Every structure is written in C-alpha cells, then in structure tokens.
Protein chains: 2
Amino acid sequence: MNKNNKDENSNGASCIFCKIIKGEIPCDKVYEDKDFFAFLDIKPVSDGHLLIIPKQHIVWIQEADDETVSNIFKLAKKLIIAIKKALECDYVQLSIVGKDVPHFHIHLFPRYFDDKLPMFPTKEYQGGKSKEVAQKIIQAL
Amino acid sequence: MNKNNKDENSNGASCIFCKIIKGEIPCDKVYEDKDFFAFLDIKPVSDGHLLIIPKQHIVWIQEADDETVSNIFKLAKKLIIAIKKALECDYVQLSIVGKDVPHFHIHLFPRYFDDKLPMFPTKEYQGGKSKEVAQKIIQAL
C-alpha cells in the first residue's frame, strides 16, 4: 500500500472487498442489504470475526456521509448482539484500523475476559502537553 | 471488575467517567453537548488519544438506543476529522473494547504508518468451521 493509503483505482476495480461484494471472490457472507455487506474475516482474531463494509468503495470513515455512518453503526450494533448470542462470548470488540485493505471496514470480533489479547502500549503526558494537544483538537473542530 | 463487567452501582454513582462528566474528577475536555462528552485519555496510545462517552451511564454499546448509536458515531467522525487536521497523523484508529472502565466509550487515537503498534494475533479456520460459525451468526440475526 502506498503512503497515502489510497486505492490507486479509486472506483474500486482492483479492490478485494469490491470483488467480494460482486461475488468474484468467495466469502462466508453473514449479512447483505442494498448499502452494506458483512462476512467472516478469513484470518480471524477469534471465531466469528466479521468485517462490515459499505458497498460504495470509500477508503476512510471520514469519506462516508453522515447517513452512511449512522446506518453502518446501527448495523454493527445489530451484528454485535447476534455474535454475542450466537457464540456466547463475553463481549464483542469493534475496531476500525486503516492499514490493511483500502476499503472502509469495521472489524467485530468476539472477546473473552480471559483471552489475554495484547493491549496497545500506553504512555503518560508530561508537563502541560495534554492541554496543548486538547487545544489543538478543539481549534480544529 | 467482576466477571460480567457490570458497574455494581448501575446508576453510575461510583463510575469514574460519570464523575468526569460531573467535573468531580478533572480532565482535558475536548467536546461536550447535551448527550456526549469527549476528553483526552490520561494513558494515551498516542498524543491526542480521545475517549467519547455518552452522558447516560450504560456499560455496553448494545444497551444504547439506535439514535444514540447514530449520533455518537457521527460525532466520532467529526472528531476523527479534527484529530487528523490538528495532529497531522496518517489516520485515526477507532476502537471499542470492554475490559477497562464499565461505561460505554469509544477510543480514537492517531496512528502513523510507521508506528509499529502490535497487531492482534490471527488464525485460520480449519475444515468447514467458518461456514458453521457464519450460520450460527445468521441464525441469531
């Protein structure tokens, strides 16, 4: 993936997820409607790990209009409830990262209180650094 | 935290995030409206790591009504755009986990293509396992 993480073909013609939606690449589909598609990740963190994607080829969440954002997360909630019921996990983690396939996707995967998955390393702000960072974000809002 | 991850006081009286909303515990606030509150995580993965919370004390996303889900993620999108603009990161990761503070919260934190944060370990489905798991989730939908 190139530095700016953009699919070189912005209409998604070369995008793996667009090919999955079209049925050109097989998948274990869990849900589909006119706007969204959900299927099992082939390299799951845990059994039942799903990806939810918009059918429209966009790369980042911030490219989605507010209606799409609203609807995809309402669908995520519905799928979280179904995963929890189906697989009796303790909870379901939701994550959006941006480094793998350049087509906006939400990861949902079952978690267990004793699963010992790694935590991201954290740090602490020194001096007035946190106030400075907060101000920068407030000014950009 | 006990096994079912519930705040023992379900009205949030003992909840750290409820105390932050009320101003009883200081924080670096970035955003507030009648329903939501966003502030810097004191143990950030990266500078600018925010938590977005509903003011209503709920523990899990699936306890939020659809309107709350819709609105909190539209706010998350707005904050992602602001973080990216303010801090010039490559992208912003969004995650909802469930193991720390028992008050529903969305993590947003700046990511950089070269930040080398750990990936979760993944596995592969064997035999017909993926079809079996997909069917279980479909039946629970």
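**The interface between chains A and B**

Hi everyone, let's start with charges: between chain B and chain A there are 10 salt bridges. One of them joins the side chains of Lys77(A) and Asp66(B), with 2.9 Å from N to O. Please keep in mind that this is a predicted model.

Next, polar contacts. Counting pairs with both residues at pLDDT 80 or more, chain B and chain A share 18 residue pairs in polar contact.

So which elements of chain B give two or more residues to the side that touches chain A? You'll find three strands and two helices on the list: E1 (29-32), E4 (91-96) and E5 (106-111), along with H2 (66-87) and H3 (129-140). H2(B) gives the largest share, 16 residues. As for the make-up of that side of chain B, 38 residues are nonpolar, 21 are charged and 12 are polar.

Now let's look at E4 for a moment. E4(B) pairs with strand E4 of chain A, residues 91-96, and the two run antiparallel, with three bridges between them. Where does Ser95(A) find its bridge partner in E4(B)? At Ser95(B).

Finally, the overall extent. People often give the size of an interface as the accessible area lost when the parts come together. Here, about 6,400 Å² is buried between chain B and chain A, and carbon and sulfur atoms give 67% of that area. In terms of residues, 71 of chain B are in contact with 71 of chain A.

That's my tour, thanks for listening!

Key: Residues are numbered from 1 along each chain as its sequence is written. Chains are lettered from A and ligands numbered from 1 in the order in which they are written. This is a predicted model: local features need pLDDT of at least 70, side-chain atom pairs count only at pLDDT 80 or more; totals for chains, interfaces and linings use all residues. Side-chain values use heavy atoms; hydrogens and water are left out. Contact means heavy atoms within 4.5 Å. Buried area is the accessible area (1.4 Å probe) that two parts lose on being put together, summed over both. A salt bridge is a side-chain nitrogen of Lys or Arg within 4 Å of a carboxyl oxygen of Asp or Glu. A polar contact is a pair of N or O atoms within 3.5 Å; within protein, one must be able to donate a hydrogen and the other to accept it, and residues adjacent in sequence count only if both atoms are side-chain atoms. Helices (H or I, at least four residues) and strands (E, at least two) are DSSP runs, numbered from the N terminus. Ala, Val, Leu, Ile, Met, Phe, Trp, Tyr, Cys and Pro count as nonpolar, Asp, Glu, Lys and Arg as charged, and the others, Gly among them, as polar. Two strands pair if DSSP finds at least two bridges between them.
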